[in-house]
Amino acid sequence: MEELHSETQQTEPEPAPKIIGLTGGIGSGKTTVARFIEEFGFPVYYSDDRAKAIVNESEDLKIKIKELLGEDAYDENGLYDRKFVADKVFNNRDLLQQLNEIIHPAVRIDFENWVKKQSKYLVFKETALLFELKLNRQCYKSLLVTAEDNIRIKRVMDRDNKTYREVETVMEKQMPERDKIKMADCIIYNNTNLEELKEETEKVIFSIE
């Protein structure tokens with residue numbers, strides 16, 4: 001005799017988590033905020049870190065990148081040569097766009113698979129190019145970490161042992177902060193200290209409904 005199952009016994013599928021895009025320019029403190037978010041119990045997908053891993057893991061990507069940039073895009077050990085690639089695309093916008101068109105679809109698929117494994121109601125996608133690549137359109141909300149330019153420059157100078165002009169050159173190639181601020185749903189200003197940054201992070205993320 002077959003068992004009868006009432007409709008009340010059927011469990012509703014868990015709602016999909018809401019994706020929060022987390023971004024910030026060089027020296028903004030984006031990575032520090034991401035670590036705080038993890039401390040508060042929410043998972044963070046580090047797009048830039050995963051991209052660095054995927055270009056070494058995927059044979060298909062290796063072939064496409066070598067076709068675009070040459071065999072030297074990978075070193076003698078078969079590992080992605082980030083310095084070579086960065087130098088190659090730094091002043092070549094078209095080449096950078098072509099490289100992004102190879103890497104970013106692979107990262108998107110990797111992210112989608114990661115989201116399926118998460119159980120929290122919020123998940124965070126950390127990416128430097130949230131607005132540039134219009135990835136914010138795929139997110140429930142966008143969260144920008146920002147700071148005054150001089151503060152950001154000093155942080156990077158101290159962290160990476162770079163000159164003021166070197167950091168300024170990198171910043172000039174990024175989307176202006178004023179444009180990001182206009183586009184962001186939530187903003188964390190990181191102009192003071194770590195304690196205040198952590199408090200502000202907690203306040204902002206727990207206010208997201």
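The second largest pocket of this predicted model encloses about 170 Å³ of space. Two elements each give two or more residues to its lining: α6 (149-160) and α7 (164-172). The lining consists of D149, R152, I153, E168, M171, E172, Q174, M175, P176 and E177. By type, five of these residues are charged, four are nonpolar and one is polar.

Next come the aromatic side chains. A pair of aromatic rings is described by the distance of the centres and the angle of the planes. The structure contains eight such pairs. In one of them, F40 and F206 meet edge-to-face, with 6.0 Å from centre to centre and 70° between the planes. F40 belongs to the loop between α1 (30-39) and β2 (44-46), while F206 belongs to the segment after α9 (194-205), so the pair ties together parts that are 166 residues apart in sequence. F206 counts as partly exposed because its relative accessibility is 43%, and the partly exposed class runs between 20% and 50%.

Y74 and Y80 also form an edge-to-face pair, with 5.6 Å between centres and 70° between the planes. Both counts of accessibility fall under the 20% cut-off for buried residues: Y74 is buried at 6%, and Y80 is buried at 16%.

Ring pairs also build a cluster, which links F40, F42, Y121, F124 and F206. The F40 and F206 pair described above therefore joins two members of this cluster.

Two lysines are placed over aromatic rings. K125 has its charged end over the ring of F111, 4.5 Å from the ring centre. K173 lies over the face of F90, at 4.7 Å from the centre of that ring.

Notes: Residues numbered from 1 in each chain as written. Predicted model: local features only at pLDDT ≥ 70, side-chain atom pairs only at ≥ 80, totals over all residues. Heavy atoms only, no water. 1 Å grid on protein atoms, 1.4 Å probe; cavity = no way out; pocket = protein on both sides within 12 Å on 5 of 7 lines; lining within 4 Å. Points joined across faces, edges and corners; volume = space filled by probe spheres on them. Helix = DSSP H or I, 4+ residues; strand = E, 2+ residues; numbered from the N terminus. Nonpolar A, V, L, I, M, F, W, Y, C, P; charged D, E, K, R; others polar. Phe/Tyr/Trp six-rings, centres within 6.5 Å; stacked < 30°, edge-to-face > 60°. Buried < 20%, exposed > 50% of the residue type's maximum accessible area, 1.4 Å probe, protein only. Lys NZ or Arg CZ within 6 Å of the ring centre and 35° of its normal.
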